[in-house]
Amino acid sequence: MLLSSCVIWRHVEWERFRAECPGGDEELQRLIWERLDDSLGWLESLGAEPVWRDTENPLTTGRRYDPRSLTRLLARDVELETPLPDDVEPPLLLATGGFPVRLARERGLLLRANPWSEGDGLDFALARGAATMPGMDEFYGRVMPAPPARIKEEGFVPLAQLYGREARVFTEDWREITPSEVAWHENDLAQLIGPRAWYVVEETNERIEAARAAGATVVGRDENIAVHVGAAVTHTIGGLQVDTDARVAGADGLWAAGVDVGGVATGGYASGLAQALVLGLAAAQSIAES
Ligand SMILES: Cc1cc2nc3c(=O)[nH]c(=O)nc-3n(C[C@H](O)[C@H](O)[C@H](O)COP(=O)(O)OP(=O)(O)OC[C@H]3O[C@@H](n4cnc5c(N)ncnc54)[C@H](O)[C@@H]3O)c2cc1C
């Protein structure tokens, strides 16, 4: 969350959420869609001040916060313990941010996330009989400049090559794979291109110049500009199966929230922060009542 743009959002239309994330669990999606506005109200009751009162995208609604201030506010009473000990007594809420590091390593993708989310929560729950949702190889990601470009955390947002809708897309060996349609969030392009590809455009833009300055390979090709890119994993979309109280299926005494949970955005893209906020509150309420 600290590294994010901190827009906590949902789709405006329920049907659009379903259509854009067709593989997701309908009940979990409904929970997040229905509870997000109240959950944002809860954040504001703690003193969180939004920097935007709505998103800039007509398809979505939500709030944007300053990630550092929001993290400081929410983490003020949190003590962290890592790695997870073997003998934790229930109730236990897992919120370790999925397994982007492991997925990126296994598939040769770039990483656009914190370097610690290896999947400790997932492993801990699996060892206790937990079930997972389909889509364990799916991720929300961005297309980023490929090495030798140097991408540090502060480059995660400005270096995202978010002009894929205007680009022709080629594999490493110059086979064209430009899709006929690209979604507004371009997450589908990140899934398509995998570890390495070329974006070819007629004219340069701010993001290409930022990539060039970071050391990316940008070359001329048939009077066009070709940028060497790769998909970077921001968070995983697969994960633990939970019910609408955020209880992990198959593992008594365990709850999960955020992107440790799978099956919310399967087949598409939705707000990981909304998933963290709503499921975190659902888990807290369920634990308090258990
Ligand atoms: C550049 C960028 C921009 C983004 N922009 C947005 C956006 O605008 N809107 C949006 O909705 N989402 C955005 N995201 C995604 C969003 O940040 C995540 O989906 C969200 O933070 C997931 O919340 P979480 O609580 O599940 O995990 P995280 O916020 O990743 O928190 C998990 C924490 O657990 C820690 N951890 C891991 N293993 C252990 C362990 N064994 N013990 C203790 N701690 C552990 C990790 O270090 C991390 O601090 C963005 C992400 C990035 C990187």
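Start with the lining of the largest cavity in this predicted model: by class, it has six nonpolar, three polar and one charged residues. To see them, select W9, R10, H11, F17, I32, V264, A270, S271, A274 and Q275. The space they surround comes to about 60 Å³. Now colour by element: β1 (7-11) and α8 (272-289) are the ones that give two or more residues to this lining. Which element gives the most? That's β1, with three residues.

**Next stop: a second cavity**

The structure holds three cavities of 30 Å³ or more, so let's hop to the second largest, with about 50 Å³ of space. Select H235, T236, I237, V261, V264, A265, A270, S271, G272 and Q275 to light up its lining. Here β9 (224-236) and α8 each supply at least two residues. How does this lining divide by class? You'll find five nonpolar, five polar and no charged residues. Keep V264, A270, S271 and Q275 highlighted for a moment: they are in the lining of the largest cavity and in that of the second largest too.

**Now a pocket**

Clear your selection and pick R16, E20, E138, A183, W184, H185, N187, D188, Q191, G267 and G268, which line the second largest pocket. This pocket has a volume of about 150 Å³. Both α1 (14-20) and α6 (187-193) supply at least two of its lining residues, and α6 gives the most, with three. By class, the lining divides into two nonpolar, five polar and four charged residues.

**Last stop: helix α2**

Select residues 26-45 to bring up α2, a helix of 20 residues. Try putting a distance between the C-alpha atoms at its two ends: they are 29 Å apart, which agrees with the 28 Å the helix should span at 1.5 Å a residue. Where does α2 bend? Zoom in on L36, where the bend is about 50 degrees.

Next, show the side chains of L28, Q29, L31, I32, W33, L36, S39, L40 and L43, the buried residues of α2. Look at the spacing as you go: an α-helix has 3.6 residues a turn, so residues three or four places apart point the same way. What do the buried residues of α2 pack against? Turn on β1, α1, β2 (60-64), α3 (67-74) and α8 to see their partners. One of these buried residues, I32, takes you back to where the tour began, as I32 also lines the largest cavity.

Note on methods: Residues are numbered from 1 along each chain as its sequence is written. This is a predicted model: local features need pLDDT of at least 70, side-chain atom pairs count only at pLDDT 80 or more; totals for chains, interfaces and linings use all residues. Side-chain values use heavy atoms; hydrogens and water are left out. On a 1 Å grid over the protein atoms alone, a cavity is a set of points where a 1.4 Å probe fits but cannot get out, and a pocket is an open set with protein on both sides within 12 Å along at least five of seven lines; lining residues have an atom within 4 Å of a point. Grid points are joined across faces, edges and corners, and a volume is the space filled by probe spheres set on the points. Helices (H or I, at least four residues) and strands (E, at least two) are DSSP runs, numbered from the N terminus. Ala, Val, Leu, Ile, Met, Phe, Trp, Tyr, Cys and Pro count as nonpolar, Asp, Glu, Lys and Arg as charged, and the others, Gly among them, as polar. The expected span of a helix is 1.5 Å times one less than its number of residues. The bend at a residue is the angle between axes fitted to the seven residues ending there and the seven starting there. Buried means under 20% relative accessible area, exposed over 50%, partly exposed in between (1.4 Å probe, protein chains only). Contact means heavy atoms within 4.5 Å.
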